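Okay, thanks everyone for coming. I'll put the model up and then walk through a few pieces of it.

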Amino acid sequence: MSSSKLTRRGLIKTSAIAAGAGLALPTYLRADGHSGFTNAPTGDTVTLGFNVPQSGPYAEEGADELRAYELAVEHLNGGGDGGMMNTFSSKALQGNGIMGKKVEYVTGDTQTKSDAARASAKSMIEKDGAVMITGGSSSGVAVAVQALCQEAGVIFMAGLTHSNDTTGKDKKANGFRHFFNSYMSGAALAPILSANYGNDRKAYHLTADYNWGYTTEEAVRTSTEALGWETVAAVKTPLTQTDFSSYIAPVLQSGADVLVLNHYGGNMVNSLTNAVQFGLRDKQVNGKNFEIIVPLYSRLMAKGAGANVKGIFGSTNWHWSLQDEGSKAFVKSFGTKYGFPPSQAAHTCYVQALLYADAVERGGSFNPCAVGEALKDFQFDGMGNGPTLYRGEDHQCFKDVLVVKGKENPESEFDLLEIVEVTPAAQVTYDASIFGGDLGECNPGA
Amino acid sequence: MFGLNKRDTGLIAIVTVLVILAPFILNPFPEGSAMAQFNAGYPDLMQRFVIFGIFAIGFNLLFGLTGYLSFGHAAFLGVGSYGAIWMLKLFSLNVIPSIIMGVIVAGIFALAVGFVSLRRSGIYFSILTLAFAQMSYALAYSVLTPITGGETGLQIKSTDSPLLSNLEPGEIGRASLFGLDMRSSFEIEMGDWLFTFNTGYYLAGIVMILAFYLAIRITRSPFGMMLRAIKSNQQRLNYTGLNARPYTLAVFVISGMYAGLAGGLMVAMDTQVGPERMFWTASGEVVLMTILGGAGTLIGPVLGAGFIKYMENIISKINKGILEQWFAFMPDGIEDLLITLVYPFVGKGWHLTLGLMFMAVVIFLPGGLVEGGQRIGRVFRRRDRKSEHAEADAAKQRNTPAE
Amino acid sequence: MDAILLQILNGLDKGSAYALIALGLTLIFGTLGVVNFAHGALFMIGAFCAVTLSRILTLSHQVVDETRKDFLGNPLQVDVPYVYDWFGEAGGSAIIDWAVPLSILFAIPIMLLIGIIMERGLIRHFYKRPHADQILVTFGLAIVLQEVIKYYYGANPIPTPAPAAFTGSFDFGAALGFDPNTIIYPYWRIIYFAFAALIIGAVFAFLQFTTYGMVVRAGMADRETVQLLGIDIDKRFTMMFGIAAAVAGLAGVMYTPINSPNYHMGMDFLVLSFVVVVVGGMGSLPGAVLAGFLLGILESFASMKEVLELLPGINQIIIYLVAIIILLTRPRGLMGRKGVMEE
C-alpha cells in the first residue's frame with residue numbers, strides 16, 4: 001500500500017467517491033424530463049457501478065476484476081500509461097474522462113448469488129446514481145443483473161459469463177457481453193482435439209447440473225460428435241459436490257478414452273484433481289492414451305488444481321502471454337501497478353469498461369440507447385483478441401478464441417497455460433437466431 | 001384498540017410511524033457528505049428491510065412461541081417466490097394475485113413439510129426441515145430447470161404476455177398495483193437532503209404492519225398461550241389429554257405462509273427469482289436474524305433482519321477509495337494507519353464484521369438487540385424517575401442472563 | 001458386478017471421510033450438547049495447517065536468474081527454499097514433498113490448543129444458554145475464522161498434493177481377478193480410509209478402555225452425579241473439546257490432497273456433518289460412524305449413471321432423502337440416546 005503512494009493519491013483524485021458524487025441524482029426510474037434517461041450525469045462527473053463477487057468461491061476473480069476496473073478508470077481519466085487506450089483502434093477516448101466528465105465509481109459484492117447481485121446493483125442505481133453496471137463471475141448473476149438493468153434503463157456490460165444464455169435466450173437490449181461462450185469453446189476446441197487425439201474417440205462427460213453445464217456439454221458434444229467421436233455417457237453432477245470420486249471411478253469401466261469435465265470454478269478444480277488422482281491419465285484404453293479435457297479454463301482456477309492441469313486442453317478468452325500490442329500494453333500497465341499479470345476476468349472487464357466509455361464518446365451521450373447504437377455492429381481491434389465485432393443482433397462479441405494447454409514446465413506461478421492455437425473468429429461465429437430469445441428494445445428508463 | 005392492550009397498541013403505533021417515516025429516518029446524512037455512505041433510505045434496501053422483517057416475524061411465530069427451530073424456512077420463501085412470479089408471467093401483472101399465490105403455494109408446501117417433520121421434535125425436527133429445504137434447492141437448481149429456470153432463475157420477459165394484460169408486443173411487463181408501478185417513486189429535496197418515497201416500499205410496509213398486527217394477535221390469543229405451553233412442557237400437555245400436533249402444525253403453516261408472503265412481496269418489488277434463495281445459508285440467515293434481534297420478542301426479529309441486511313448492503317460497499325476520502329484530512333502516516341486498520345472490516349471484509357457483531361451481541365446482550373434497547377431505555381428511565389422500583393426492576397433484569 | 005464392487009469401495013472411502021468429520025462433531029454436539037456451527041471451521045483450519053506447513057517449508061529467498069525473463073520482461077527472480085540450502089536439493093524437495101503427512105504432527109498440538117482455548121474462552125459460558133445462543137455465537141466464530149483465513153490465504157483453492165510416492169492408483173480389479181482397470185482406487189484415498197479407521201478406533205478405545213475415557217462417558221450421561229463424586233468433570237470436558245477439535249483438524253489435514261483446500265470448505269461440510277450426526281442419533285458415537293458409512297455408500301450408488309438414468313436428479317438429494325426416511329422410521333436416528341436434544 002505504502003509503495004504505491006503516488007498511484008494511490010492519483011486514485012483519490014480520479015476515483016473520489018461517488019456516494020456523494022451521485023449528488024442529487026438517485027433518480028431510479030423517476031420521470032426526469034430534461035435528461036430523458038435514468039441517472040443522466042449532471043455536473044462534471046459520471047458514476048459507474050462495479051458489481052463483482054467479493055465473497056464466496058469467486059472472490060479471487062472478483063478482486064482481479066476490480067483491479068482491472070480501477071486501472072481502466074485511471075486510464076480513462078488520463079492517469080497511468082493509458083494501457084490499451086493507446087492500441088485501441090477507436091481513438092475517441094481522450095484521457096479526459098468520458099465526454100469530459102471525470103469517471104468515478106462505486107463497488108458492490110455480488111456474493112455470486114443473483115439476489116445479492118441485484119440488491120447491490122439496485123443500490124448502485126438507486127442510491128449512487130450509476131449510469132452503467134458491469135462485472136460478475138457467473139452466468140446466473142449476469143442474467144439476473146442484465147434483466148435488472150434492462151428494467152432500470154442503464155447499460156450492463158457483462159463480466160465473466162460463459163453460458164450461451166447470456167446473449168442467447170436471456171439476451172437484453174441493454175446488456176452487452178465481450179466474453180466468449182460455450183458454443184465458441186466447443187467450436188474452437190474440436191479441430192485441436194481432432195488433430196491431437198484423432199477422430200476415433202469415446203468421450204465420457206461429467207457435467208455440472210445447471211444451465212451453464214448443459215450448454216457447455218451440448219456445445220462440446222455437438223462439435224466433437226461432428227468429428228466422429230462417440231459420446232459414451234454424460235453424467236450430471238450436483239453443483240454442491242466437492243468429492244467427485246464416485247463419478248470418476250466408473251469412467252474407465254465404461255470403455256471411454258476421453259473424459260470431458262464440463263465444470264467451472266471449485267467444481268473444476270476438484271473434479272480435475274480427483275481425476276488425476278485416479279491415475280486416469282496414465283492409463284491406456286482402446287490402445288490410446290486416456291485424455292482429459294476442460295472446456296473452459298481459468299488461470300486463477302487452474303492454479304488451484306496445481307500440477308494436475310499439465311497437458312490438459314481447454315479454451316480461454318484471453319491469456320497474458322499473448323504477444324499482440326494490445327495485450328502487451330495491458331499486461332504492462334496491470335503488471336506494473338499490481339505486480340502480477342491480469343487474469344482473463346480482469347481483461348474482459350477492463351475491455352468492457354473501455355468499450356463502454358468509447359461508445360459513449362462516439363454516440364455523444366450517456367443515454368443507453370445511444371450507447372447501444374454506438375456498440376451495435378461495432379468493429380474494433382487492438383484489445384487483445386484481434387479484430388472483433390460487437391454483433392448487433394445479440395450484443396455478443398465475436399473474436400478469436402484461444403485454445404490452451406496446461407504447461408508442462410511452468411516458469412512461474414502465473415505461467416500455467418500455454419497457447420496452442422488462436423482459433424479465428426470466423427470459425428466460432430454462429431447464427432444469432434439459434435439460441436432463441438428476444439433482444440427487445442433498448443430502455444433508457446425515465 | 002383493535003383488540004390490543006395498551007402496550008401492544010403503543011408498539012404497533014411505533015412500528016407504523018417508523019415504517020411511514022423510514023425514508024427520512026434512514027437518510028440522516030446529507031447527499032454528498034462523507035457520511036452519506038451510511039444512508040439506507042433508498043427503495044431497494046427499505047423494501048428488503050420490511051420484507052425480511054415479515055419473514056423473520058413469521059419465523060419467530062414458530063420458533064419464539066413453540067421453540068421448534070426450523071432450519072429450512074427459506075424453502076417456503078423460495079417456493080412462494082416461484083408461485084408469485086409464475087402468476088405475474090401468466091395471469092396478471094397486478095401484484096395482488098401473485099402475492100396471494102405466493103402465500104397459498106408456500107402454505108401448501110409448509111403443510112406437507114410440517115406434517116412430516118413435526119412427527120419429531122428438537123434437533124431431529126430441525127434436520128428434517130433442513131433436508132426438505134436442501135432438496136428443494138438442489139432440485140430447483142438442476143432437474144426442475146424447466147419450471148424454475150435453474151441457475152439463471154425466472155424473470156419477466158418480453159415474450160411473456162399475462163392473461164389479464166394488454167402489453168405491446170415486445171414490451172416487458174412491470175409489476176403494478178392496479179396500474180401503479182411498483183418501481184415508481186417521488187422524491188423530495190430539502191436543502192442537501194434527498195428523500196425517496198417508493199410505491200413498492202409503502203405497499204410492503206403496509207403489509208408488514210398488518211403482518212405485525214396479526215403476529216401480536218396470534219401471540220396474545222389462547223392459541224398463542226397453547227403454543228407457549230408446548231414450548232414449556234410438551235409432555236405435561238400430553239398428559240392432560242391434549243394433542244399438541246394440530247397446534248404446532250397450524251403455527252408451522254402460518255409461519256410458512258408468512259415466508260410465502262415475504263417471497264411474494266420480493267417478487268412484486270423485484271421481478272426475479274433464483275434458487276439460491278432456498279439454500280441453507282438463507283434459512284440460517286433468518287434463524288440468525290431472529291436470535292440476533294431477540295427470539296420470542298415481537299419487535300426483535302424485525303430489528304435483526306434490518307441489522308443483517310444493513311451490514312450486507314451498506315458495509316460491503318465501503319471500498320478503499322471511500323476510506324481514503326474519509327481519512328483524507330488526517331496526516332499521511334495516520335491516514336495510512338487508519339486505512340490499514342479499518343480496511344479488513346469493510347468492503348470485501350464485511351463478513352468479518354458481521355461475524356464479530358454476532359459474537360458481541362450474543363456475549364454481551366443475551367436477549368438480543370431488544371435487550372440492548374431495554375438496557376438503554378432503563379438507563380433513561382432511571383435518570384427520569386430514580387424510583388427504587390425501577391432500580392430493583394433493572395437489577396433483577398440484569399441478573400437474569402447471568403443465571 | 002465390478003461396477004457395484006467399485007461403488008461399495010467408493011462408498012467406504014467417502015463414508016470414512018464423513019464418519020471422521022462427524023466423529024469430532026458428535027463428541028461436541030451429541031455429547032457435550034453444544035450446537036457447534038464452528039465445527040466446519042475447525043476442519044478447515046486443520047486443512048490450512050497443512051497449507052501453512054508447506055508454506056513454511058517452502059519459505060524461500062530470491063535468486064535473480066539473468067537467463068530467464070518474467071512476464072514483464074525483467075530478469076526472473078527464482079525462489080530457492082531455505083530447506084534446499086540446509087538439506088541439499090534432493091533432501092529439501094523430499095521434505096517439501098512430504099509436507100502433508102508431516103502436517104499431522106504439526107496439526108495435533110495446534111488443533112488441541114485451538115479446541116481448548118475455544119472451550120475455555122467461549123463455549124463454556126454457553127453450556128447453560130439456549131441452543132439458539134450457541135448457534136449464533138459459534139456461527140459468528142465460524143465466520144470470523146473463515147474470514148481470517150481468507151484474509152491471509154485468499155479465496156482460491158490452494159493445491160496441496162500428496163507425496164509423489166502415493167500418486168497413482170491401485171488396481172483392485174486385477175488383484176481380485178476382474179479385468180484390469182475396472183476397479184482402480186488411488187493410493188491416497190486408501191491411506192485416508194486406513195487413517196480414518198485408525199483415528200475412529202483410537203477415539204473409541206480411549207473412551208471405552210481408559211479410566212479417563214470412562215469418567216468422561218459417565219459425565220456425558222450424568223454430569224451432576226460425576227461432579228458430586230468429586231471429579232473435576234469440567235477439565236475433562238475441556239480436554240474432550242480439544243480432542244474433538246484435533247479429530248476435525250486431522251480430518252482436514254488428510255483431506256487436502258483429495259480436494260484443494262479453500263476458506264469456505266468448512267461451510268461446505270457443515271450441513272453434511274450435522275445430517276450425519278443426527279441420522280446416526282444424538283449422543284451415539286457408533287451411530288455417527290455408521291451413518292457416515294451408510295450415507296457415503298448410498299451417495300456413491302446414487303451417482304451411478306445407470307441409477308441416474310432411472311431417477312434423474314437422485315444424486316442431488318439422496319443424502320437428505322435417506323435422512324428423512326431414517327428419521328421417520330427411527331425416531332432417534334440409528335442409535336440415538338433418549339432425551340438428548342429432543343426439546
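Before I start on the helix I like best, one definition: a residue is buried if 20 or more other C-beta atoms lie within 10 Å of its own. And keep in mind that this is a predicted model.

So, helix H2 of chain B, residues 43–66. How many of its residues are buried? The count is 24 of 24, so by the cut-off I just gave, H2(B) is mostly covered. Now the length. With 24 residues at 1.5 Å a residue, H2(B) should span 34 Å, and its end C-alpha atoms are indeed 34 Å apart, which agrees. There is a bend in H2(B), though, of about 35° at B:Asn60. And just after the helix, B:Gly67 takes a positive phi of about 80°.

Staying in chain B, have a look at the hairpin. Strand E4, residues 185–190, pairs with strand E5, residues 193–198, in the antiparallel sense, over 6 bridges. Which residue is the bridge partner of B:Phe186 in E5(B)? That's B:Phe197, so to speak a Phe facing a Phe. The hairpin has 2 residues between the strands, and B:Gly191 takes a positive phi near 60° there.

Next, the core. The largest nonpolar core has 373 residues. Those with the most contacts inside it include B:Ile54 and B:Phe55 from chain B, and C:Leu23 and C:Val247 from chain C. Chain A is involved as well: domain 1 and domain 2 of chain A both give residues to this core, so it lies between them. Let me pick out C:Val247. Leaving aside its neighbours within four places in sequence, C:Val247 is in contact with C:Leu20, C:Leu23, C:Gly24, C:Ile199 and C:Val203.

Since I mentioned those domains, here is how chain A is divided. Domain 1 takes residues 2–180 plus 320–393, and domain 2 takes 183–316 plus 418–424. Their centres, over C-alpha atoms, are separated by 32 Å. In the contact between them, 14 residues of domain 1 meet 14 residues of domain 2. On the domain 1 side, the largest share comes from helix H3, residues 59–76, with 3 residues.

How about chain C against chain B? Here 32 residues of chain C are in contact with 36 residues of chain B. On the chain C side, helices H5 (131–153), H11 (265–280) and H14 (314–329) each supply at least two residues. Which of the helices gives the largest share of that side? It's H5(C), with 12 residues.

Back to chain A for a small sheet. It's open, has 3 strands in the order E13-E14-E15, and the pairing is antiparallel. The edge strands are E13 (378–380) and E15 (397–398), each pairing on one side only. E13(A) is joined by 3 bridges to E14, residues 388–390, and A:Phe380 stands opposite A:Thr388 in E14(A).

Last one: A:Lys283. You'll find A:Lys283 in the loop between helix H9 (265–277) and strand E9 (284–285) of chain A. Is A:Lys283 buried or partly exposed? With 18 C-beta neighbours inside 10 Å, A:Lys283 counts as partly exposed. Not counting residues up to four places away in sequence, A:Lys283 touches A:Leu252, A:Phe290 and, over in chain C, C:Asn181. A:Leu252 is 31 residues away from A:Lys283 in sequence, but 8.8 Å away in space, C-alpha to C-alpha.

That's what I have for today.

Note on methods
Residues are numbered from 1 along each chain as its sequence is written. Chains are lettered from A and ligands numbered from 1 in the order in which they are written. This is a predicted model: local features need pLDDT of at least 70, side-chain atom pairs count only at pLDDT 80 or more; totals for chains, interfaces and linings use all residues. Two strands pair if DSSP finds at least two bridges between them. Helices (H or I, at least four residues) and strands (E, at least two) are DSSP runs, numbered from the N terminus. A nonpolar core is a set of buried Ala, Val, Leu, Ile, Met, Phe, Trp, Tyr and Cys residues joined through C-beta atoms within 7 Å. A residue is buried if 20 or more other C-beta atoms lie within 10 Å of its own, exposed if 12 or fewer, and partly exposed in between; C-beta atoms are placed from the backbone. Domain bounds come from an automatic or database domain assignment. Two residues are in contact if their C-beta atoms, placed from the backbone, lie within 7 Å. The expected span of a helix is 1.5 Å times one less than its number of residues. The bend at a residue is the angle between axes fitted to the seven residues ending there and the seven starting there.
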